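Reader: Hi! Could you walk me through this protein?
Author: Happy to, here it comes.

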Amino acid sequence: MDSKYKSKNIKVKDIVKEQSSLWENNIENNNQKEKFVKLIFGDVRKALDILPDNFIDCIITSPPYWKQRDYKHKNQIGQESSYYDYINNLIGVFNKLKRILKPTGTFFLNIGYKWQEKELLLIPDLLAIEMQRNGWALINKIIWNKPNAMPSSFEKRFSNVYEPVYLFVKKESKYNYYLSLDTLRIPLKDNIIKRRPEDIIGYEVRSSLTKKESKKGLISKIFKDGKNNLWAEIIWDDNNKTNDLIQDFSQESQLEVILLCEKCFKKIENEADILNHYYCDGFPKPILPEKNNLDNLEEISLPFLFSLEKASKGNNYSGKFLKNPENRGASPGARKSLFGEYFVVQRRFKIFQPIIANYLRYWKKKTNVSTKRIDEILGYKDTASHWFRRDTGSWGKGGSIPLPEDWLKLKEILGFDDIYDRWLTETHLVLQTVKPHPKGKNPGDVWNIKTKPFMDAHFAVFPEELVRKCMEAGCPKDGTVLDPFAGSGTVGKVAEELNRNAILIELIPEYLEIIKKRVLNIKEVIYVK
């Protein structure tokens, strides 16, 4: 331990000041290149005070269960006289987490059920409800099913073989938080959608990327470019013709884009990474694929006596949803039955709206043009202001992205450069049909994970696989994960293996040796009294 923390007379507020500076220097100077695991020993309610605001990407924890184990410490949580007091104490801790959790952050909370005088106490459920009352949004209740759960010693009840893992985010961030399901998706044996070029002829095309009402058209010709990409000629209802790229049927509807900051050289791969770039001047540049060349399109020959009129794809559905289409719910099969297959014009790339909002705000300030004036020029009312919205938690709610044609007109009004032109304006055709996700099946909210024995003195141990799933989904690659009830240090061990940063808070200093056996590269140990 650093000598400046050894003094018995040092006050917590002094540790807070010096240590907060240390964390911030680690962000700015270390640039997150060297990963760290740091331990803080002390009461979690004081230990959290030494962490800076908006610092943690993901919280994964399992606090002591009520009346489960007595750790013989005056500040422990879990030995309260009533489970209501237990829940209130946990809420006090979890409310402190809001300050240090990033707006895009996630919180995975595992807590088990308890019986008292043969009655099941719904402590996890009651805690979840209190969390919602205290400004947390509950996104998922994951069932951790234990295939090797211990059998019950009671003859008149079924064995408890699962525990809940709640996924929370801050209430104001429920429209925008980091969660990568792709890392946990279950691969499919065959997710390829096959369509011959001649089968696409006559498909309806719909576009809502226009200022006017949604327009419709038909695919009249199919072309192939030098890279074997398919292109469609579309005859629209107003008799205008356009050519549009057809997105690969087995790929996601929009291409993922990485942005690179030419000042600090940080990459932005998701909206959670934007916060790491917050203090950097300039705007990150999107790394886009080579621009398509429309000069060498080769028309694909069609069968003899082909007729576009006969090829036009209709919908002959006459089933149960026809009379009551409002009852189709979210069923993809019902939508396909009612509306058939068709193509839609979509933006080609996934766009990070906060970056566009910051960019437009910069040029708006530079030119001193009001949003009201922009609305007047473009013929809108109360629309342009949403393009400049960047308020936390509203990126998918209040903020919006200009239409491609509006973007080009905004360029004339504000005089900005072309760094984001392709990113904002390129489109392609996406087939609307019933199909599996190209990266695999959603893993669902029931996880079958065996408990693991642990021979050291700490008895309550997270299964590493459970932590790994939460961390891979909820913590970005260069992110920092926190466990405020570290115990034997499983979260730190998994973070080290997955190349994430980790901060572990633990009340019992004697667990240091257990943690050191499991976490090999501990950068720092801090004691908060």
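Reader: How many helices and strands does the protein chain have?
Author: The protein chain has 14 helices and 21 strands. Both are DSSP runs numbered from the N terminus: H or I over at least four residues for helices, E over at least two for strands. This is a predicted model, where local features need pLDDT of at least 70, side-chain atom pairs count only at pLDDT 80 or more, and totals for chains, interfaces and linings use all residues. Residues are numbered from 1 along each chain as its sequence is written, and side-chain values use heavy atoms, leaving out hydrogens and water.

Reader: Cool! What share of the residues is buried?
Author: Of the 529 residues in the protein chain, 45% are buried. Buried means under 20% relative accessible area, with a 1.4 Å probe and protein chains only.

Reader: And which residues touch the most others in the largest nonpolar core?
Author: That core has 40 residues, and those touching the most other members are I40, L48, F94, L97, F107, L127 and L482. A nonpolar core is a set of buried Ala, Val, Leu, Ile, Met, Phe, Trp, Tyr and Cys residues joined through side-chain atoms within 4.5 Å.

Reader: Which helix gives the largest share of this core?
Author: α3 does, with nine residues.

Reader: New topic: why is helix α13 largely enclosed?
Author: Six of its eight residues are buried, so the rest of the structure largely encloses α13 (residues 490-497). Its cover includes β1, β2, α12, β19, β20 and α14.

Reader: What follows α13?
Author: N499 does, with a positive phi near 65°.

Notes
Buried < 20%, exposed > 50% of the residue type's maximum accessible area, 1.4 Å probe, protein only. Contact = heavy atoms within 4.5 Å.
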